[in-house]
Amino acid sequence: MGASVTHQPIRAVFLGAPGAGKGTQAKMMAGRCGALHVSSGDMLREHRRRGTDLGRRAQGYMDRGQLVPDDLVVAMVLERIRQPDAGRSWILDGFPRTLPQAQSLDRSLHAERAGGGTAAVRHVAYFDVPDAILVRRLTGRRTCSNSACGAIWHVEFQPPRVAGVCDSCGGQLAQRPDDREDVVHQRLEAYRTQTEPLLDYYAGRGVLVEVDADQPPEAVLADLVGKLDG
Ligand code: AMP
């Protein structure tokens, strides 16, 4: 067996529908291999919280369950992975979500390589979960509103000891506005029409691995590591 993926620089894209568990896996994997976890959704929510121009421009799209325009998201993510702390290892969670975003990422990494930098996206993991499970996962999700904590619970799959209260810090739990059922259906539709074509795009480059993400997080992580190493 070759060197473990967790001991090499990792430049990965995590793909999958909203609720597939990309964020959970990206956090665990980033922790294991010392990579930067870059979540475009978290970055956009942070811009909204701070009331930046980008946050204001993104909010209507996010609340409706639509994708934020490519130019806004591309600039935000590419700038983030060019920061010195991104180093050579990162995991992109929720980006790219459209073909033009994937092409912009490729162009940027290609330009970096021409300048003597390291290589392009090496690993793309697709987290597969049936639709009915996705809806239950998203609509039952509750997030700690204490931004220093941000723990995620689930009314059915991982309930806190006291309903509505975070076990970790005692903060109030809230439902993300875009986890309401009507918006969830919009987000899944955006995924099907705009993001799913990326599976073919990356499969064609031979960098795509598929993981059954309808399992407990530790089992998904074990599959993921095994497949990336293979
Ligand atoms: P997430 O937390 O990844 O589910 O993202 C929440 C929302 O942020 C999405 O429904 C979109 O409105 C927006 N968003 C996040 N990442 C992207 C992206 N790569 N392209 C466009 N919109 C995005």
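The following paragraphs lead through salt bridges, buried side chains, polar contacts and a charged surface patch in a predicted model.

Because the model is predicted, local features are reported at pLDDT of at least 70 and side-chain atom pairs count only at pLDDT 80 or more, whereas totals for chains, interfaces and linings use all residues. Residues are numbered from 1 along each chain as its sequence is written, and side-chain values use heavy atoms, with hydrogens and water left out.

A convenient place to begin is with charge pairing. Side chains of opposite charge can pair when their charged atoms come close. Under the criterion applied here, a salt bridge is a side-chain nitrogen of Lys or Arg within 4 Å of a carboxyl oxygen of Asp or Glu, and a search of the whole structure finds 15 of them. One of these joins D131 and R192, with an N to O distance of 2.2 Å. Since D131 belongs to helix 6 (residues 131-139) and R192 to helix 7 (residues 181-195), the pair ties together parts that are 61 residues apart in sequence; helices (H or I, at least four residues) and strands (E, at least two) are DSSP runs, numbered from the N terminus.

The surroundings of this pair can be described by relative accessible area, for which buried means under 20%, exposed means over 50%, and partly exposed lies in between (1.4 Å probe, protein chains only). On that scale D131 is partly exposed at 38%, and R192 is partly exposed at 29%. R192 also forms a salt bridge with E196, where the closest N and O atoms are 2.7 Å apart, and E196 is itself partly exposed, with a relative accessible area of 28%. A network of salt bridges that share partners joins R141, R176, D178, D179 and R187.

Two arginines of that network can be placed in more detail. R187 is in helix 7 and is buried, with a relative accessible area of 10%, while R176 is found in the loop between strand 7 (173-174) and helix 7 and counts as buried at 17% relative accessibility. Distances between C-alpha atoms help to set both residues within the fold: R187 and V220 are 33 residues apart in sequence and 23 Å apart in space, and R176 and L224, 48 residues apart in sequence, are 27 Å apart in space. Elsewhere in the chain, D85 forms a salt bridge with R80, the closest N and O atoms being 2.7 Å apart, and R80 counts as partly exposed at 23% relative accessibility.

The loop between strand 3 (90-93) and helix 5 (99-114) offers a second region to examine, and T98 lies within it. T98 counts as buried at 7% relative accessibility, and the side chains of T98 and D70 are joined by a polar contact of 2.9 Å. Such a contact is a pair of N or O atoms within 3.5 Å; within protein, one must be able to donate a hydrogen and the other to accept it, and residues adjacent in sequence count only if both atoms are side-chain atoms. P96 is found in the loop between strand 3 and helix 5, and a cis peptide bond, with omega about -5°, joins F95 and P96. The backbone oxygen of G94 lies 3.0 Å from a polar atom of the side chain of S40; S40 is placed in helix 2 (residues 40-50) and counts as buried at 3% relative accessibility.

Two further helical residues add to the picture of buried positions. V74 lies in helix 4 (residues 70-81) and counts as buried at 11% relative accessibility, and its C-alpha atom is separated by 30 Å from that of A132, 58 residues apart along the chain. S104, in helix 5, is buried with a relative accessible area of 16%, and the C-alpha atoms of S104 and L67, 37 residues apart along the chain, are separated by 16 Å.

Finally, the surface carries a negative patch formed by D128, E210, D212 and D214. Patches are made of residues with over 30% relative accessible area and no salt bridge, with like charges joined within 9 Å and nonpolar side chains (Val, Leu, Ile, Met, Phe, Trp, Tyr) within 5 Å. Of the patch members, D128 lies in strand 4 (residues 123-128) and is partly exposed, with a relative accessible area of 30%.

Notes: Areas by Shrake-Rupley, 256 points an atom, 1.4 Å probe, with all protein chains shown as cover. Lys, Arg positive; Asp, Glu negative; His and termini not counted. Charge placed at Lys NZ, Arg CZ, Asp CG, Glu CD.
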